[in-house]
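Subject: Structure for you to look at

Dear colleague,

I am handing over the structure we spoke about, and below it I describe what was found. Please keep it open beside this message while you read.

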Amino acid sequence: MIITRRSDYAIRILRALKDGKIHNVREICDEEEIPRAFAYKIIREMEQSELVKSERGNQGGYYLNKSLDDLTMYDVVSITEEDLAIVHCMKEPCSRDTDDIPCKVHQEMERLQEILNAELKSKKISDIIG
């Protein structure tokens, strides 16, 4: 897994919405310097995951559906990234890691994966966007 711009932009979108008001995509993109085409895709994913809600019409836009105190970095990254595994063998059984002969590389990658996941889960969005 590499944490991509998608996650960065998603967190920026949440920052733009932190005041609890309705904001249109143009406002969000201008404030957070996010390309509009990219923002629409990310906001749609966030809406499907119920992080944000939308309101239609002239005064419509997007607003937070969850408290930023209740959202972690892990929540956002797990929505925006396709794969949270740091290496491929974290996703499926590793043929080099058996009960008879454990793979030290695999074990180290698992340890790092656990640390990364724990850190992402421990950091609330409200802590990082102020």
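A residue is called buried when its relative accessible area is under 20% and exposed when it is over 50%, with partly exposed in between. Lys-66 has a relative accessible area of 37%, so it counts as partly exposed. Please bear in mind throughout that this is a predicted model.

The whole chain

The protein chain contains six helices and two strands, and along the sequence these elements come in the pattern α-α-α-β-β-α-α-α. Of its 130 residues, 35% count as buried. How does its radius of gyration stand against that of a compact globule of 130 residues? Such a globule would have a value near 14 Å, whereas the protein chain has 18 Å. The box filled by its C-alpha atoms, taken along the principal axes, is roughly 65 × 25 × 20 Å. If you consider the contacts with a separation of 6 or more, you will find that 61% of them are between residues 24 or more positions apart. The protein chain exposes about 8400 Å², and carbon and sulfur atoms supply 46% of that area.

Lys-66 and the residues it touches

Lys-66 is found in the loop that runs between β2 (61–64) and α4 (73–80). Which residues does Lys-66 touch, if those up to four places away in sequence are not counted? They are Ser-49, Glu-50, Leu-51 and Leu-71. You may also wish to locate Gly-20, which is 46 residues from Lys-66 in sequence, while the two C-alpha atoms are 9.8 Å apart in space.

Two of the residues touched by Lys-66, Ser-49 and Glu-50, deserve a description of their own. Ser-49 lies in the loop between α3 and β1, and because its relative accessibility is 29%, it counts as partly exposed. Once its neighbours within four places in sequence are left aside, Ser-49 is in contact with Lys-66 and Ile-79. Val-105, by contrast, is 56 residues from Ser-49 in sequence and 34 Å from it in space, C-alpha to C-alpha.

Glu-50 also has its place in the loop between α3 and β1, and at 48% relative accessibility it counts as partly exposed. Its phi angle is near 65 degrees, which is a positive value in a residue other than glycine.

Another positive phi angle

Glu-33 is a residue other than glycine with a positive phi, here near 55 degrees. You will find Glu-33 in the loop between α2 (25–32) and α3. Is Glu-33 buried or exposed? Its relative accessibility is 65%, and it therefore counts as exposed.

The largest pocket

The largest pocket has a volume of about 150 Å³. The elements that give two or more residues to its lining are α3 (36–48), β1 (52–55) and β2. The residues that line the largest pocket are Asn-24, Val-25, Tyr-40, Glu-47, Ser-54, Glu-55, Arg-56, Gly-60, Gly-61 and Tyr-62. How many of these lining residues are nonpolar, how many polar and how many charged? The lining divides into three nonpolar, four polar and three charged residues.

When you go through the model yourself, you could begin with Lys-66 in its loop between β2 and α4, and then turn to the lining of the largest pocket, where Tyr-40 and Tyr-62 are among the residues to find.

With best wishes

Technical notes: Residues are numbered from 1 along each chain as its sequence is written. This is a predicted model: local features need pLDDT of at least 70, side-chain atom pairs count only at pLDDT 80 or more; totals for chains, interfaces and linings use all residues. Side-chain values use heavy atoms; hydrogens and water are left out. Helices (H or I, at least four residues) and strands (E, at least two) are DSSP runs, numbered from the N terminus. Buried means under 20% relative accessible area, exposed over 50%, partly exposed in between (1.4 Å probe, protein chains only). Contact means heavy atoms within 4.5 Å. On a 1 Å grid over the protein atoms alone, a cavity is a set of points where a 1.4 Å probe fits but cannot get out, and a pocket is an open set with protein on both sides within 12 Å along at least five of seven lines; lining residues have an atom within 4 Å of a point. Grid points are joined across faces, edges and corners, and a volume is the space filled by probe spheres set on the points. Ala, Val, Leu, Ile, Met, Phe, Trp, Tyr, Cys and Pro count as nonpolar, Asp, Glu, Lys and Arg as charged, and the others, Gly among them, as polar. The radius of gyration is taken over C-alpha atoms; the globule rule is 2.2 Å times the number of residues to the power 0.38. Accessible areas come from the Shrake-Rupley method with a 1.4 Å probe; for residues, only the protein chains shown count as cover.
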